[in-house]
Amino acid sequence: MTNRSHSSPLPLRSPVICLVTAAMFAAIITLTTAYLFHIPIGTAGGYIHIGDAFIYLAACFLPLPYAMAAAAVGAGMADLLSGAAIWMVPSLLIKAALVPAFPREGKLFCRRSILAVLLGCIITPGGYYLAEGILTGSWVVPLASIPMNLFQGAANGLLFLIMASALDRSGVPGRLRGC
């Protein structure tokens, strides 16, 4: 019988640690999307939230597949729990697509993060435009949702960049990255 209290800690890139961290990010994304600062808009079940800022943080802290899973599960669960289940599948795809452009090494607040945020301001409105066009059968009606999706993308991007700058100054990213 071995004494586990003296065993070495899990390796830095342990799949268990990555999975738990991804689950924690998914929960944070769900809460900040569905409940915290959740502001319903329009008649199609859309809403403004701050969950994408946490998707961007997950993208920087987790290996790619874990970050994409955290983004998809968090956004999908938020849609399911907030009564916007019709948007669940589009959100799974759109939010996972936001992840690959973010840096996983170096500073959080950098040129690549800024470019990734700008790309997110294209992916989110474009993705939801396509999804709404498919769901409604109209390519004109979804045009009305583009400005709010752009606003949401820009606001989440700004919040992420503020958090990234603060985290860089604290030295936390170097200790937490890669699970």
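Me: Helices (DSSP runs of H or I, at least four residues) and strands (DSSP runs of E, at least two) are numbered from the N terminus. In which helix is the place of Met 163?
Reply: This is a predicted model, in which local features need pLDDT of at least 70, side-chain atom pairs count only at pLDDT 80 or more, and totals for chains, interfaces and linings use all residues. Residues are numbered from 1 along each chain as its sequence is written, and side-chain values use heavy atoms, with hydrogens and water left out. On that numbering, Met 163 belongs to helix α6.

Me: Leaving aside neighbours within four places in sequence, which residues are in contact with Met 163?
Reply: Contact means heavy atoms within 4.5 Å. The C-alpha atoms of Met 163 and Phe 54 are separated by 9.6 Å, although the two are 109 residues apart along the chain. With its sequence neighbours set aside, Met 163 is in contact with Ala 53, Phe 54 and Leu 57.

Me: How many helices and strands does the protein have?
Reply: Read along the sequence, the elements follow the pattern α-β-β-α-α-α-α-α-α. The secondary structure comes to 7 helices and 2 strands.

Me: Over residues 1–10, how many contacts beyond near neighbours in sequence are in the model?
Reply: pLDDT is the predictor's confidence in each residue, from 0 to 100. The protein has a mean of 89, and 89% of its residues reach 70 or more; among its elements, helix α4 (residues 88–97) has the highest mean, 98, and helix α7 (residues 172–176) the lowest, 73. Over residues 1–10 the pLDDT is below 50. Beyond near neighbours in sequence, the number of contacts for this stretch is 1.

Me: What percentage of the 179 residues is buried?
Reply: Buried means under 20% relative accessible area, exposed over 50%, and partly exposed in between (1.4 Å probe, protein chains only). Of the 179 residues in the protein, the buried part is 43%.

Me: Which helix supplies the largest share of the largest nonpolar core?
Reply: A nonpolar core is a set of buried Ala, Val, Leu, Ile, Met, Phe, Trp, Tyr and Cys residues joined through side-chain atoms within 4.5 Å. The largest one has 29 residues, and those with the most contacts inside it include Phe 25, Ile 55 and Phe 160. At least two residues come from each of α1, α2 (51–61), α3 (64–81), α5 (111–136) and α6 (146–170). The largest share, 9 residues, is that of α2.

Me: How many residues are in the other core, the one with Ala 84 and Tyr 128?
Reply: Ile 55, one of the residues with the most contacts inside the largest core, touches Ile 29, Ala 71, Lys 95, Leu 98 and Val 99, not counting residues up to four places away in sequence. Apart from that core lies another, with Ala 84, Ile 94, Tyr 128 and Ala 131 among its members. Its residues number 8.

Me: Is Lys 95 buried or exposed?
Reply: Lys 95 is found in helix α4, where Pro 90, Ser 91, Ile 94 and Ala 96 are among the buried residues. The cover over the buried residues of α4 includes α2, α3, α5 and α6. Since its relative accessible area is 2%, Lys 95 is buried.

Me: With which residue does Lys 95 meet in a salt bridge?
Reply: A salt bridge is a side-chain nitrogen of Lys or Arg within 4 Å of a carboxyl oxygen of Asp or Glu, and a search of the whole structure finds 1. The pair links distant parts of the chain, helix α4 and helix α2, at 43 residues apart. Both residues are buried. At 2.8 Å, N to O, the partner of Lys 95 is Asp 52.

Me: What is the distance from the backbone oxygen of Ile 29 to a polar atom of the side chain of Thr 33?
Reply: Thr 33 lies in helix α1 and is buried, with a relative accessible area of 4%. Leaving aside neighbours within four places in sequence, Thr 33 is in contact with His 38, Tyr 47, His 49, Gly 51 and Ala 78. Its side chain also has a polar atom whose distance from the backbone oxygen of Ile 29 is 2.7 Å.

Me: Is Phe 37 buried or exposed?
Reply: Phe 37 is found in the loop between α1 (15–34) and β1 (39–40). Not counting residues up to four places away in sequence, Phe 37 touches Ile 48, His 49 and Ile 50. Because its relative accessible area is 62%, Phe 37 is exposed.

Technical notes
Polar contact = N/O pair within 3.5 Å; in protein donor to acceptor, adjacent residues only side chain to side chain.
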